[in-house]
Structures are given as structure tokens and as C-alpha cells.
Amino acid sequence: MTWNNYHSHTNYCDGTDVPEAYVKAAIAAGMKVYGFSSHAPIPFFECKWTMNIESLEEYTLEIARLKHKYEDRLEILLGLEVDYVPDRMGPTAHFLQTAGLDYTIGSVHFVDGFGTDKGWEIDGPLDIFKKGLHEIFSGDVRKAVTRYFELTRMMLDEDCPDIVGHLDKIKMQNSRELFFKEDEPWYRDELRSTLEAIADSGAIMEVNTRGLYKKRSSELYPGTWALEQALALDIPIMLNSDGHHPQEIIGEFATAATILNKVGYHSAMILADGRWQEVGLSPEGLDY
Ligand SMILES: [Zn+2]
Ligand SMILES: [Zn+2]
């Protein structure tokens, strides 16, 4: 039994430590595979939590160096968490093609924006969330959330990643102030349509534990209702921590596996030995 993690951030973007610190933590935790997924550069937005375009080559070289250095102890993979910004960039962006990525995680963090060079972050501070909600969507949270899911569907349709990142992360703002109820029919309809789009795309959906261990969500991303729908749609899942610190690399994985088993998911996808594989999942770990 072991855990793998494919979603993590280092000091190349907004994580705390150098990549090697995560490798050491992964080995100490008995992991077999560890994947790095820094926030890909966004060349046209001012954004403090993504990698600079100038650092992309250095990042790929550093992960390659670690792959080689630790090849006897840990399989290390090179990934990126790539933003989808319609008409501008997404997981299949041209400038990422030469990076030699092992996989991509596609995420929507920006829902339209304040003019052309400043996106609206939906998972940032509360004041920014409120500013965008009022200035871009006239305070209509339903419109804003609907647009968030619409962008996710557009990404799946036009610019499909290997892995869909934290599907319903926009709900994290509800832990600060209640903006909408997650059992409202319009919300569930949006979520359901997006899950259907994932099923059609063939992408893997990550089950992301960051909301739990950061106490920004009482549920996983995505939550239990969405996971039940996903199972009915036969959507393959994988477990990821979205760690920004070496101590977060398997945060709440046992809790997540317990929830997933209860929903009816008893397997998860992993990328190991150069191929995607389905392996058993229980609170003790991945069975392979
Ligand atoms: Zn993200
Ligand atoms: Zn992330």
C-alpha cells in the first residue's frame, strides 16, 4: 500500500519549498510516484502565484535532474497545473508543447476579468471574490458560478487536459460567507452538466483534499453529491492533495479514501511506469 500525489506546488510558483524538499518528504512517506504541477505561466496576466515564463525551462530541468538523482527510490513526474483562459491559453497551449510534460492538470481559477490584463480569481481572498462578483457580474452569484462551470466545459471541449483540477473549487467562498447553497437545483444542474462533459472528454477527474486540510471546505473538491454522480457516469478519478508545503503532500488522503469508498469508488487512476493504470483504493492507500 502506498500513496501517490500528482498535484503540488513548489517555490517555482506559490509553494513554500524547493522541489527536492517534496521529493524527500515523498520518500519519507513511502510513496512510489510523485508528480510536480506548478502553476503554468500566464504570459498575459499579472499574477503573483503562477510561474514566470522565464522560469519554465529551469523548472523542467530541475525536475529532470531530480528524476535522475532519485530514480532508484521514487518515480518523479513533470506536470503543470494549467489555467484555461478562453481564446488565450489552456492545457494544450503551444508554448507548453516543448516542455516535455508527463501530464497536465487543467483548472479554472479565473472567471473573465477586470479588463483584458487582469483576470478575476475565484479562489483568492474574499474581497477579490466580492469585487469581481459585483463589477463583472453585477452581484449575481448564479451568473458568476454558471460562467465558472461553462468555462470548465469549454476547456474540456476545446483544450482538454489529462486531469481536471478541483472541479467545484468556487464553493470555497461559501466557507467565508454563504453566497449560494450547494443543493440548489440550478447549481446541481451546472455541476451535473460539467460532470457529463468530463465523462464525454475521457479526462480523469481529480479528487482534491486541499479544502479539507486547509479548512476552506467541509467537503472534498468535488463534494460527495458530485462524486455520486461521477460514479454513475463512470468517470475515472485520482486522489491529489494540491500541496503547497512538503507536509501537505498526502493531506487527508485517508479521509478522502473513506469518503470515496462510501460513495462506491474502490479504485483510482495512477500514472506509473509511463502509463495510466487503475488500482485499488482504501483508507490504507493505493493497492499496487
Ligand atoms: Zn488550482
Ligand atoms: Zn494547485
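## Exercises on a predicted model

Arg216 is partly exposed, with a relative accessible area of 27%. The model behind this value, and behind the others below, is a predicted one.

### Exercise 1. The surroundings of Arg216

Determine where Arg216 is placed in the chain and which residues outside its sequence neighbourhood it contacts.

Solution. Begin with the chain: Arg216 sits in the loop that runs between helix H6 (210-213) and helix H7. Next, take the accessibility, which at 27% falls between the limits of 20% for buried and 50% for exposed, so that Arg216 is classed as partly exposed. Then set aside the residues within four places in sequence; the contacts of Arg216 that remain are Met172, Ser175, Arg210, Gly211 and Tyr221. Finally, consider the spacing of one of these pairs: Arg216 and Met172 are 44 residues apart along the chain, while their C-alpha atoms are separated by 5.7 Å.

### Exercise 2. Lys171, a residue in a loop

Decide whether Lys171 is buried or exposed, and list what touches it.

Solution. Locate Lys171 first, in the loop between strand E6 (163-164) and helix H5. Its relative accessible area is 3%, and because this is under 20%, Lys171 counts as buried. Not counting residues up to four places away in sequence, the residues touching Lys171 are Phe180, Glu182, Tyr187, Ser217, Glu219, Leu220, Tyr221, Pro222 and Gly223. Tyr221 in this list is also among the contacts of Arg216.

### Exercise 3. The zinc site

Work out which residues coordinate the zinc ion (ligand 1), and where two of the donors, Glu81 and His109, lie in the chain.

Solution. The coordinating atoms of the zinc ion (ligand 1) come from Glu81 (OE), His109 (NE2) and His166 (NE2), at 2.0 to 2.1 Å. Written along the chain, these donors have the spacing E-x27-H-x56-H. Distant parts of the chain are thereby linked, since Glu81 belongs to strand E2 and His109 to the loop between strand E3 (103-107) and strand E4 (110-113), 28 residues apart. Glu81 also serves as a bridge between the zinc ion (ligand 1) and the zinc ion (ligand 2), the two ions lying 3.4 Å apart. For the accessibility step, Glu81 has a value of 0% and therefore counts as buried, and His109, at 2%, counts as buried too.

### Exercise 4. Two helix pairs

Classify the packing of helix H4 against helix H5, and of helix H7 against helix H8, from the angles between their axes.

Solution. Two packed helices are described by the angle between their axes and the distance between the axes. For H4 (residues 141-158) and H5 (residues 185-201), the angle is about 5 degrees and the axes are 9 Å apart. An angle under 35 degrees counts as roughly parallel, so H4 is roughly parallel to H5. On the H4 side the contact includes Val145, Phe149 and Leu156, and on the H5 side it includes Trp186, Leu191, Ser193 and Ile198. By class, the residues of the contact of H4 with H5 divide into 9 nonpolar, 5 polar and 3 charged. Ser193 of H5 is partly exposed, with a relative accessible area of 30%, and its C-alpha atom is separated by 8.6 Å from that of Phe149, 44 residues apart along the chain.

Turning to the second pair, the axes of H7 (residues 224-232) and H8 (residues 253-263) come within 10 Å of each other and cross at roughly 50 degrees. This angle is neither under 35 nor in the range of 65 to 115 degrees, and H7 and H8 are therefore oblique to each other. The handedness of their crossing is right-handed. H7 contributes Thr224, Leu227, Glu228 and Leu231 to the contact, and H8 contributes Ile259, Leu260 and Val263. Sorted by class, the contact of H7 with H8 has 5 nonpolar, 1 polar and 1 charged residues.

### Exercise 5. Helix H1 and its cover

Identify the buried residues of helix H1 (residues 19-28) and name elements that cover them.

Solution. The buried residues of H1 are Pro19, Glu20, Tyr22, Val23, Ala25 and Ala26. To interpret such a list, recall that an α-helix has 3.6 residues a turn, so residues three or four places apart point the same way. The cover over the buried residues of H1 includes strand E1 (33-39), helix H2 (56-69) and strand E2 (75-83). Following H1 comes Gly30, with a positive phi near 75 degrees.

Conventions
Residues are numbered from 1 along each chain as its sequence is written. Chains are lettered from A and ligands numbered from 1 in the order in which they are written. This is a predicted model: local features need pLDDT of at least 70, side-chain atom pairs count only at pLDDT 80 or more; totals for chains, interfaces and linings use all residues. Side-chain values use heavy atoms; hydrogens and water are left out. Buried means under 20% relative accessible area, exposed over 50%, partly exposed in between (1.4 Å probe, protein chains only). Helices (H or I, at least four residues) and strands (E, at least two) are DSSP runs, numbered from the N terminus. Contact means heavy atoms within 4.5 Å. Donors are N, O and S atoms within 2.8 Å of the metal (3.2 Å for Na, K and Ca); water is not among the atoms, so sites may look incomplete. Axes are lines fitted to C-alpha atoms, for helices over the stretch in contact, and angles run from 0 to 180 degrees between N-to-C directions. Angles under 35 degrees count as roughly parallel, over 145 as roughly antiparallel, 65 to 115 as roughly perpendicular and the rest as oblique. A crossing is left-handed if the near helix is turned anticlockwise from the far one by less than a right angle, and right-handed if clockwise. Ala, Val, Leu, Ile, Met, Phe, Trp, Tyr, Cys and Pro count as nonpolar, Asp, Glu, Lys and Arg as charged, and the others, Gly among them, as polar.
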